[in-house]
Amino acid sequence: MTDQVTAADSGSTPDIPGKPTSASRTTLSHIMSHNDTNLLGTVHGGVIMKLVDDAAGAVAGRHSGGPAVTASMDEMAFLEPVRVGDLVHVKAQVNWTGRTSMEVGVRVLAERWNESAPPTQVGSAYLVFAAVDADGKPRVVPPVLPETERDKRRYQEAQIRRTHRLARRRAIRELRERRVAEGLED
Ligand SMILES: CC(=O)SCCNC(=O)CCNC(=O)[C@H](O)C(C)(C)COP(=O)(O)OP(=O)(O)OC[C@H]1O[C@@H](n2cnc3c(N)ncnc32)[C@H](O)[C@@H]1OP(=O)(O)O
């Protein structure tokens with residue numbers, strides 16, 4: 001792979017100018033309260049997932065210059081529990097773009113609100129957003145232009161995930177079609 005990622009690499013439409021990763025990178029910060037806890041007293045995973053979706057949605061909207069909807073969320077990992085009083089930072093960026101979809105990578109960090117210790121990574125996720133028009137139909141997105149070596153590594157890793165997502169969907173669809181053709185009912 002060359003240093004410059006081109007529109008052709010990403011499958012995007014070449015006549016749309018690309019946008020650098022940094023143009024849409026976003027951090028959403030939130031202090032966790034008692035309303036956010038589960039029965040164990042730590043922060044509910046669903047609360048974290050909502051913040052992840054919010055941050056990723058903001059990034060996808062910024063990058064694509066309009067509305068974008070969550071198509072999928074995968075590999076959501078919860079690495080450490082988050083506690084009441086933690087200041088949570090949700091960092092999101094566009095890792096990869098296709099024709100109408102974008103993979104957004106998210107890292108979740110937490111720090112005690114009243115301590116100066118460095119934040120700990122408590123979670124991560126990858127989401128696919130589709131940019132949509134006013135009728136909810138997919139619309140073409142600008143290709144993302146990775147800038148740093150880390151951006152380029154994330155772009156390449158996102159391409160691997162994209163290949164696996166497509167292969168998995170195809171394999172499952174083919175299995176279902178085969179079972180129907182064989183007259184097997186669920
Ligand atoms: C921000 C929010 O909270 S939004 C609320 C939650 N999300 C929603 O309501 C979205 C509901 N889903 C939808 O509207 C539709 O399924 C859409 C817009 C996501 C996709 O529409 P489709 O008619 O299937 O369009 P299409 O098959 O062309 O897919 C569009 C793009 O999304 C990608 N895509 C679609 N479904 C998925 C999926 N499950 N996982 C990964 N990528 C997907 C496609 O690969 C395609 O990407 P590409 O153009 O870069 O190759």
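How far apart do the end C-alpha atoms of residues 22–135 lie, and what percentage of the span is helix and what percentage strand? In this predicted model, the two end C-alpha atoms are separated by 29 Å, and the span comprises 18% helix and 46% strand. The unreviewed UniProt entry assigns the feature "domain: HotDog ACOT-type" to residues 22–135.

The ligand is surrounded by 16 residues, of which Thr70, Arg99, Thr100, Ser101 and Arg162 are the closest. Classified by residue type, this shell contains seven nonpolar, five polar and four charged residues.

Polar contacts to the ligand involve both backbone and side-chain atoms of the protein. A polar backbone atom of threonine 70 lies 3.0 Å from a nitrogen atom of the ligand. In the side chain of serine 72, an N or O atom is located 3.4 Å from a ligand nitrogen atom. For serine 101, the distance between an N or O atom of the side chain and an oxygen atom of the ligand is 2.7 Å. The ligand taken alone exposes 1,000 Å², and 54% of that area is buried by the protein.

With respect to secondary structure, two or more residues of the shell are contributed by each of strand E3 (68–78), strand E6 (120–131) and helix H3 (149–181). The most is given by E3, which supplies five residues to the shell around the ligand.

Notes. Residues are numbered from 1 along each chain as its sequence is written. This is a predicted model: local features need pLDDT of at least 70, side-chain atom pairs count only at pLDDT 80 or more; totals for chains, interfaces and linings use all residues. Side-chain values use heavy atoms; hydrogens and water are left out. A residue is near a molecule or strand if one of its heavy atoms lies within 4 Å of it. A polar contact is a pair of N or O atoms within 3.5 Å; within protein, one must be able to donate a hydrogen and the other to accept it, and residues adjacent in sequence count only if both atoms are side-chain atoms. Accessible areas come from the Shrake-Rupley method with a 1.4 Å probe; for residues, only the protein chains shown count as cover. Helices (H or I, at least four residues) and strands (E, at least two) are DSSP runs, numbered from the N terminus. Ala, Val, Leu, Ile, Met, Phe, Trp, Tyr, Cys and Pro count as nonpolar, Asp, Glu, Lys and Arg as charged, and the others, Gly among them, as polar. UniProt positions are given in the numbering used here, feature names are shortened, and annotations may be inferred rather than shown by experiment.
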